[in-house]
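What follows is a walk through one structure, for a reader who has not met it before. Please look over the sequence and the model first.

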Amino acid sequence: MTKKYFSFLSRKNNSNCKLLIAKYFNKIQPLFIILKPMGIPIVLLFLASSDTFEPLFSVPQGFPKPVYDFTKNPLTIEKVELGRRLFYEPLLSRDGTISCASCHLSYTGFTHIDHSLSHGIDNRIGTRNSLALVNLAWNKTFMWDGAVNHLDMQALAPLSSRDEMDENMAHVVQKLQQSNRYPRFFQQAFGDSSVTGERILKVISQFMLTLVSANAKYDKVMRNEASFNEYEAKGYELFKKHCASCHTEPLFTHSGFENNGLKPDSILNDKGRMTITGRKEDSLLFKVPTLRNIEVTYPYMHDGRLPNLQMVLYHYTEGVYQSSTLAKQLRLKMPLSEEDKVNIIAFLHTLTDETFLRNPKFQYLR
Ligand code: HEC
Ligand code: HEC
């Protein structure tokens with residue numbers, strides 16, 4: 001316990017940590033235990049936390065500095081918890097049926113898996129597959145086309161989208177203010193009970209920032225706590241050669257946009273990044289998604305067209321559609337044998353982080 005505590009304290013180069021540490025100390029309460037062996041009283045002092053000894057957020061070993069500026073929205077337990085409640089709160093939708101978690105389920109890496117395009121209010125079908133919510137503190141842009149450039153603004157998009165939650169912030173504020181529970185939770189988090197749009201957005205960000213996945217077998221191997229089997233090791237070498245230029249470790253994305261050769265869908269007619277920038281050279285470029293927990297986040301790609309990882313590998317070897325914006329790395333056929341593909345998939349399975357997927361702190365708060 002102490003070791004973990006001090007390794008956290010000694011992490012330099014991250015000013016955000018200082019704020020977290022301050023909060024951390026607030027939560028620590030002394031606990032005295034008096035033992036009387038042979039009648040002589042011995043007092044033992046323990047430091048117990050009212051909640052937990054885990055920090056709310058820390059930078060995992062080997063990860064870069066987060067992009068999110070925590071000094072503008074310092075995490076506290078009460079705010080993270082309020083954000084968690086709101087993430088699971090259907091009052092955020094017009095008819096009280098859809099919450100963020102309807103499309104972002106914890107067990108599946110915070111995406112939905114039962115259909116390719118997301119389903120929202122009145123069972124309306126959206127135009128894209130939902131994205132996994134993981135390691136968002138390192139994200140520079142959000143959405144498949146990068147339409148959103150700050151996490152604190154992200155929740156507004158689904159909230160007001162006609163196909164998703166079809167609500168507006170002013171009305172959400174009113175509903176929460178009038179509820180018999182929320183004014184109390186805002187009081188606990190902010191010191192007064194007033195509900196505002198900004199507070200809602202910031203606490204939802206706080207919860208999403210805690211969704212850090214860095215304890216998969218892959219991470220244990222990198223920390224020398226485990227080792228790859230023969231197939232995973234071969235898969236890792238192939239991955240570094242053919243995939244890592246875009247799906248770059250340790251986040252498994254280089255955080256930019258690429259055209260990975262999906263044939264344009266004439267019905268959805270989604271131009272990706274170009275929709276936002278208007279630039280021809282951005283046509284058919286989509287955000288490079290992380291591959292963390294990829295085993296459970298199927299179906300794959302921005303429109304969910306590929307049902308499993310075998311099909312994804314088949315796409316990269318046989319299915320790449322040539323176009324002027326296709327990424328250079330994919331212009332020549334990728335030389336992978338069937339055995340190579342099996343090994344790459346074995347490696348991809350080492351990115352499944354059970355402690356993340358089963359973390360009770362990410363689930364519905366009763
Ligand atoms: C109806 C389904 C649906 C609901 C409800 C929904 N989302 Fe999403 N979410 C999506 C889809 C689909 C995308 C990808 C959209 C795109 O790229 O255009 C997405 C993308 C995101 C992203 C971007 C992730 C990234 O890596 O870029 C975040 C963050 C997010 N949602 C958070 C939320 C929050 C917070 C809520 C609740 C306020 C919410 N979502 C409600 C379907 C949904
Ligand atoms: C040139 C960059 C690039 C290379 C190289 C590349 N990918 Fe991708 N990958 C992408 C992009 C971009 C997407 C999202 C495309 C979309 O949905 O439009 C993607 C999507 C995926 C997905 C689906 C993720 C999801 O959440 O839906 C998987 C799985 C995947 N890639 C695996 C691989 C593997 C395995 C390799 C190597 C054999 C590889 N990629 C090589 C850019 C690349």
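**From ligand 1 to the cores**

The element that contributes most to the shell around ligand 1 is α4, with three residues. The shell belongs to a predicted model. In total, 26 residues surround ligand 1, and the closest of them are Cys100, Cys103, Gly120, Trp144 and Pro158. Two or more shell residues come from each of α4 (100–103), α6 (156–160) and α9. By class, the shell around ligand 1 holds 16 nonpolar, eight polar and two charged residues.

Ligand 2 has its own surroundings. Its shell numbers 23 residues, with Cys243, Cys246, Phe286, His302 and Ala327 coming nearest. Of the residues around ligand 2, 15 are nonpolar, seven are polar and one is charged.

The chain as a whole can be described next. It has 366 residues, of which 35% are buried. Its secondary structure consists of 15 helices and four strands. Taking contacts between residues at least 6 apart in sequence, 68% join residues at least 24 apart.

Where do the buried nonpolar residues gather? The largest nonpolar core has 45 residues, and Leu133, Leu136, Ile204, Met208 and Leu211 have the most contacts inside it. The elements giving two or more residues to this core are α3 (77–87), α7 (169–178), α8 (182–190) and α9 (197–209). Among these, α9 gives the most, with seven residues. This core lies between domain 2 (70–212) and domain 3 (217–354), because both domains give residues to it. Leu133 shows some of the contacts in detail: beyond its neighbours within four places in sequence, Leu133 is in contact with His104, Phe110, Met208 and Leu211. There is also a second, separate core of 15 residues, which includes Tyr218, Leu291, Tyr300 and Val312.

Two single residues can be followed in the loops. Phe142 sits in the loop between α4 and α5 (151–154). Is Phe142 buried or partly exposed? Phe142 counts as partly exposed because it has 19 C-beta neighbours inside 10 Å, and a buried residue needs 20 or more. Apart from its neighbours within four places in sequence, Phe142 is in contact with Val148, Leu151 and Gln154. Phe142 and Lys287 are 145 residues apart along the chain, yet their C-alpha atoms are separated by 8.3 Å.

Ser283 lies in another stretch, the loop between α12 (274–277) and β4 (286–287). With 17 other C-beta atoms within 10 Å, Ser283 is partly exposed. Leaving out residues up to four places away in sequence, Ser283 touches Lys271, Met274 and Thr325. Asp270 is 13 residues from Ser283 in sequence, and the C-alpha atoms of the two are 8.9 Å apart.

The last point concerns confidence. The chain has an average pLDDT of 87, and 86% of the residues score at least 70. Two stretches fall well outside that description. Over residues 1–29, pLDDT stays under 50, and the model has 31 contacts beyond four places in sequence for them. Over residues 48–53, pLDDT also stays under 50, and the model has 10 such contacts there. Where pLDDT is low, predicted coordinates should not be read in detail.

How values were computed
Residues numbered from 1 in each chain as written. Chains lettered and ligands numbered in written order. Predicted model: local features only at pLDDT ≥ 70, side-chain atom pairs only at ≥ 80, totals over all residues. Near = placed C-beta within 6 Å. Nonpolar A, V, L, I, M, F, W, Y, C, P; charged D, E, K, R; others polar. Core = buried A, V, L, I, M, F, W, Y, C linked by C-beta atoms within 7 Å. Buried ≥ 20, exposed ≤ 12 C-beta atoms within 10 Å, placed from the backbone. Domains from an automatic or database assignment. Contact = placed C-beta atoms within 7 Å. pLDDT = per-residue confidence, 0-100.
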